[in-house]
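This report describes selected local features of one protein model. The sequence and structure are shown first, and the discussion follows.

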Amino acid sequence: MTRRVLQTAILTLLLAALGSPGLAPPAAAQQPNTCLDCHSEFPEPLGVTREKFAADVHAQKGLTCASCHGGDPTKATPEESMSRAAGFRGHVDRRQVPDLCARCHSDAAYMRQYNPSLRTDQLSQYHTSVHGKRLAQGDARVAVCTDCHSVHDIRPGSDARATIHPLNIAETCSRCHSDAAYMKPYKIPTDQYAGYKESVHHRALAVRGDLSAPTCTTCHGNHGAAPPGVASVEFVCSNCHVFQAQLFDTSPHKSAFEAAGLPACVTCHSNHRVVAPGDAMLGTGPQSACTGCHVEGDGGYTAALSFQRRIAELQTAVERSGEILNRAEQYGMEVSEAKLEQAQARDALTKARVTIHSFQIDQVEKDVQAGLKITEKTYQAGVLALQERDFRRKGLGISLLAILVVLVGLRLYIRQIESGEGKGSA
């Protein structure tokens, strides 16, 4: 008993000496913040409520107003809290914002204590961006850190309420890039957000909830001019669509596009308004991407027709064999092995559609032939299964007829016996 009391006393003393960081608030949060006493009463943009500031990731890490604005928020009077002697700098000019943020965010040793996984090259990356270059040239209208991350309610990117959460990034960028009046001096389109909202990428992100789906920063980079490892946004598609990019690099289109100054993927698929690709993009129909460059009579025009025709033939063969296998299965026939092979035919169709990016008919033909070979086999399996069904039906019919004949014969035989016994007894 004495030993247990002693252990409890030692543990209590250790906790008192070390504190309880999991429960106690940061030291800065325990100190008075006279800045909020006044600014919580001000309207925007000077107004900052205690609730808003408390939600800021910096406040949660123990930083205060003085971390960015200087001064001493523990002092009671404005003369003391906002004195130059206390380092008060007040309003931060937007041209100074990147350097101000970088005082901490470019200091790896400092940032390691808060978030070791956070990159510390944002400022150097920003200097390579259009925003950073224009700011360096004196254009204060371009985006700085606070335009994207907000000012006093900055939240981590994993927070769905953050302006930089994947679901919100496009809207954050659109605040400037969809404002025709604001963007007028830059003479660039302002329909990027409208186009993106119609794209397959936006549907994957916002409708299906796939947070890995592309948004603005995926292609354009977040702080730099392009994502890390990508020399130019022109080549960014290959980050996700690796195989298609490799095929394109071996295609005759690569050198032709380079000679014409055309971007690779964007020329056929667009950039922001990327719709789901389909076979209608082949051939020479109204949705064809090929007829943008090729005209009737040239080799590309003929190849476009061949691509579409062969893909359509395989598609039809896959559907035909799939239909007969499903029908056989509904009749209870065993076609599971053929259906497994049918999956390989669908894979061949998918592969043929990807191989289109080689723009070489012989390579596409290999995939088409492989798929057609499988579909012919699976179709025959379906035919045989239905023939087996018909055979079983006939056998069942004959069996039932034989049983019926036997039953009728037995009935007649029994009646004959009963008739004979009646005569004998009479």
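Threonine 375 is buried, as its relative accessible area is 3%. This residue lies in helix H23. Leaving aside residues up to four places away in sequence, threonine 375 has contacts with Ala317, Val318, Ser321 and Ala345.

**Confidence of the model**

The structure is a predicted model. The average pLDDT of the protein is 90, and 91% of the residues score at least 70. Over residues 8-27, however, pLDDT stays under 50, and the model has 3 contacts beyond four places in sequence for these residues. Where pLDDT is low, the predicted coordinates should not be read in detail.

**Salt bridges**

Side chains of opposite charge can pair when their charged atoms come close. The structure holds 21 salt bridges, and three of the pairs are listed below.

| Basic residue | Acidic residue | Closest N and O atoms |
|---|---|---|
| Lysine 254 | Aspartate 249 | 3.4 Å |
| Lysine 254 | Glutamate 258 | 3.3 Å |
| Lysine 351 | Aspartate 367 | 3.8 Å |

Lysine 254 takes part in a salt bridge with aspartate 249 and in another with glutamate 258. Lysine 254 and glutamate 258 are separated by about one helical turn, because they are 4 residues apart in helix H19, which spans residues 252-260. How exposed are the members of this group? Lysine 254 is partly exposed, with a relative accessible area of 26%. Aspartate 249 is also partly exposed, its relative accessible area being 45%. Glutamate 258, by contrast, has a relative accessible area of 55% and is exposed.

The side chains of lysine 351 and aspartate 367 form a salt bridge with an N to O distance of 3.8 Å. This pair links distant parts of the chain: lysine 351 belongs to helix H22 (residues 336-355) and aspartate 367 to helix H23 (residues 361-425), and the two are 16 residues apart. Are the two partners buried or exposed? Lysine 351 is partly exposed, with a relative accessible area of 46%, whereas aspartate 367 counts as buried because its relative accessibility is 10%, and buried means under 20%. Elsewhere, Arg309, Arg310, Glu313 and Glu365 are joined into one network by salt bridges that share partners.

**Backbone features in loops**

Which peptide bond is cis, with omega near 5°? That bond runs from glutamate 44 to proline 45. Proline 45 is situated in the loop between helix H3 (34-39) and helix H4 (50-54).

Positive phi values are found at two further loop positions, serine 270 and phenylalanine 359. For serine 270, a residue other than glycine, phi is near 70°. The loop that holds serine 270 lies between helix H20 (264-269) and helix H21 (299-330). With a relative accessible area of 29%, serine 270 is partly exposed.

Phenylalanine 359, likewise a residue other than glycine, has a positive phi near 55°. Its place is the loop between H22 and H23. Phenylalanine 359 counts as partly exposed, since its relative accessibility is 21%. The helices on either side of this loop also carry the salt bridge partners lysine 351, in H22, and aspartate 367, in H23.

Note on methods. Residues numbered from 1 in each chain as written. Predicted model: local features only at pLDDT ≥ 70, side-chain atom pairs only at ≥ 80, totals over all residues. Heavy atoms only, no water. pLDDT = per-residue confidence, 0-100. Contact = heavy atoms within 4.5 Å. Salt bridge = Lys/Arg side-chain N within 4 Å of Asp/Glu carboxyl O. Buried < 20%, exposed > 50% of the residue type's maximum accessible area, 1.4 Å probe, protein only.
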